[in-house]
Amino acid sequence: MPVETPAAYLQQILAAQRSACAAAPLPCAQTRRQWLNALRDVLAGNQQALVEAISADFGNRSADETLLAEIMPSLHGIRYARRHLRGWMKPSRRRVGLAFQPASARVIYQPLGVVGIIVPWNYPLYLAIGPLVGALAAGNRVMLKMSESTPATGALLQRLLAQVFPEDQVAVVLGDVEVGKAFARLPFDHLLFTGATHIGRDVMHAAADNLTPVTLELGGKSPAIVSATVPLADAAERIAFGKTLNAGQTCVAPDYVLVPRARLKGFVDAYREAVQRLYPSLADNPDYTAIINARQLARLQDYLDDARAKGAEVVPLFTEAQQRRMPHCLLLEVNEHMRVMHEEIFGPLLPIIPYDELDEALAYVNARPRPLALYYFGYDRPEQQRVLDSTHSGGVCLNDTLLHVAQDDLPFGGIGPSGMGHYHGHEGFLTFSKARAVFAKQRFNAARLIYPPYGKWWQKLIYALFIR
């Protein structure tokens with residue numbers, strides 16, 4: 001970063017991007033596709049470097065997890081946007097009421113201008129590229145603030161994007177918490193933040209001073225409900241995959257599991273078997289991702305110690321640990337006094353909560369803040385619909401976890417404490433566009449019939465025809 005203060009440096013980039021917007025306020029489809037092509041090429045051509053940088057930041061991140069959960073969905077999102085871009089940009093014709101004829105109405109989609117994106121550390125590539133794709137497809141200039149917890153990834157992404165974009169098109173900002181605060185205070189045309197709920201509140205406060213619209217992707221405690229009839233091996237394996245990916249450091253990871261009381265032991269056994277099949281050991285296992293840093297590891301250990309001290313039965317699924325590879329643990333006999341039942345876990349700890357009837361499980365979910373994701377495991381379709389009708393969440397998977405996020409044609413976003421707004425696919429284009437209403441008339445003006453002075457007989461006839 002230059003010698004100037006962080007705020008001055010950021011203002012300088014913002015001013016350059018605003019000037020670029022003014023010079024080309026409505027980039028054509030071909031220009032936007034060129035941007036997306038350049039982004040695709042630089043990511044596809046540097047996959048190994050990205051894998052290595054992310055692993056260096058984590059102290060070990062599975063190469064396959066980075067390929068599957070960061071690089072592949074980033075490239076798919078770019079391809080999907082390129083394929084549908086012209087259709088998204090096409091003006092939408094709207095109806096004009098008979099009383100206002102002759103006229104036409106349409107909605108045109110214009111870039112907002114300069115978009116700010118604050119990127120978290122847990123998926124530092126995908127959670128930068130996903131919103132970047134939507135913002136570029138909508139024709140905007142973009143400033144990305146990378147997390148200070150992933151310095152290697154941030155520095156690499158800054159260098160790679162600078163190869164294909166001038167700073168007045170896409171700028172990657174690095175720096176500590178103070179830089180992040182200054183970034184959030186900038187008068188963007190839209191600000192997207194992904195991260196913890198308590199930080200999201202601060203971001204929203206900062207944006208409010210500029211009346212900057214925000215999209216917040218926050219997370220929370222996403223429940224998984226196991227039905228009374230689903231095969232336990234099916235449910236356990238799919239929940240295990242969702243919980244162990246990135247060592248549970250995923251905003252939509254299952255945070256706790258509701259299991260029929262009579263099936264509790266069977267689920268614990270099936271879950272242990274599933275996890276140990278996915279990861280036969282922790283020591284020197286390149287597939288098992290480490291906790292990002294010592295501070296996050298200490299936070300998780302505090303949750304575990306607090307739960308144990310307050311009566312939880314801890315069921316470790318591994319006997320060994322290695323550096324920041326934290327052993328996966330199940331927590332039984334949990335209660336509301338434990339921190340692990342109030343805070344988003346974001347790691348390899350999984351509370352298991354018994355229930356007797358499905359209504360009890362649904363009531364448990366509904367009594368808590370609305371989650372970013374909800375997972376239900378059961379093949380009975382009427383019961384699936386009952387769960388959908390009776391709950392709220394940002395997104396839902398039936399008989400799976402996480403994978404709704406990777407669907408390019410589904411919106412991604414939270415509700416209430418888990419966030420606001422959507423992006424991905426068409427919803428991303430709309431989030432970063434101004435849907436501008438255009439009402440057009442030509443020479444003939446029928447509206448003169450309703451101009452003052454009032455009281456004419458034909459105005460009374462118009463009222464009789466149209467006010468009813």
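**Ala274.** I started by looking up what Ala274 touches: leaving aside neighbours within four places in sequence, I get Ala236, Glu237 and Ala240. I'm working from a predicted model here. Ala274 belongs to helix α10, residues 264-278. Buried or exposed? Buried: the relative accessible area of Ala274 is 2%, and the cut-off for that label is under 20%. I also checked Ala274 against Leu211, 63 residues away along the chain, and their C-alpha atoms sit 48 Å apart.

**Active site annotation.** Next I went to the UniProt record. Which residues does it list under "active site"? The unreviewed entry gives Glu217 and Cys251. The two are spread over 35 residues of sequence, yet they cluster in space, with a largest C-alpha distance of 8.7 Å. From this set, Cys251 is part of the lining of the second largest cavity.

**Glu217.** I found Glu217 in strand β7, which covers residues 214-217. Its relative accessibility is 3%, so I put Glu217 down as buried. I skipped residues up to four places away in sequence and read off the contacts of Glu217: Phe193, Thr194, Gly195, Leu372, Phe412, Gly413, Gly414, Ser418, Gly421, His422 and Tyr423.

**Cys251.** Where does Cys251 lie? I traced Cys251 to the loop between α9 (232-244) and β9 (254-260). Cys251 has 14% relative accessibility, so this residue counts as buried too. With residues up to four places away in sequence set aside, Cys251 touches Asn122, Gly219, Ser222, Glu344, Phe346, Leu372 and Phe412. I noted that Leu372 and Phe412 turn up in the contacts of both Glu217 and Cys251.

**The sheet around β7.** Since Glu217 is in β7, I followed that strand into its sheet. The sheet is open, with six strands in the order β5-β4-β3-β6-β7-β15 and mixed pairing. Which strands stand at the edges? They are β5 (170-173) and β15 (419-420); each has a single partner strand, so one side of each lacks a neighbour in the sheet. I then looked at how β7 meets β15: the two run antiparallel and are joined by two bridges. In one of my lookups, Leu216 came up with Met420 of β15 as its bridge partner.

**Helix on the sheet.** Last, I checked helix α5, residues 126-137, which packs on this sheet. I see α5 touching β3 (114-118), β4 (141-145), β5 and β6 (190-194). The direction of α5 makes about 165 degrees with that of β4.

Key:
Residues are numbered from 1 along each chain as its sequence is written. This is a predicted model: local features need pLDDT of at least 70, side-chain atom pairs count only at pLDDT 80 or more; totals for chains, interfaces and linings use all residues. Side-chain values use heavy atoms; hydrogens and water are left out. UniProt positions are given in the numbering used here, feature names are shortened, and annotations may be inferred rather than shown by experiment. On a 1 Å grid over the protein atoms alone, a cavity is a set of points where a 1.4 Å probe fits but cannot get out, and a pocket is an open set with protein on both sides within 12 Å along at least five of seven lines; lining residues have an atom within 4 Å of a point. Helices (H or I, at least four residues) and strands (E, at least two) are DSSP runs, numbered from the N terminus. Buried means under 20% relative accessible area, exposed over 50%, partly exposed in between (1.4 Å probe, protein chains only). Contact means heavy atoms within 4.5 Å. Two strands pair if DSSP finds at least two bridges between them. Axes are lines fitted to C-alpha atoms, for helices over the stretch in contact, and angles run from 0 to 180 degrees between N-to-C directions.
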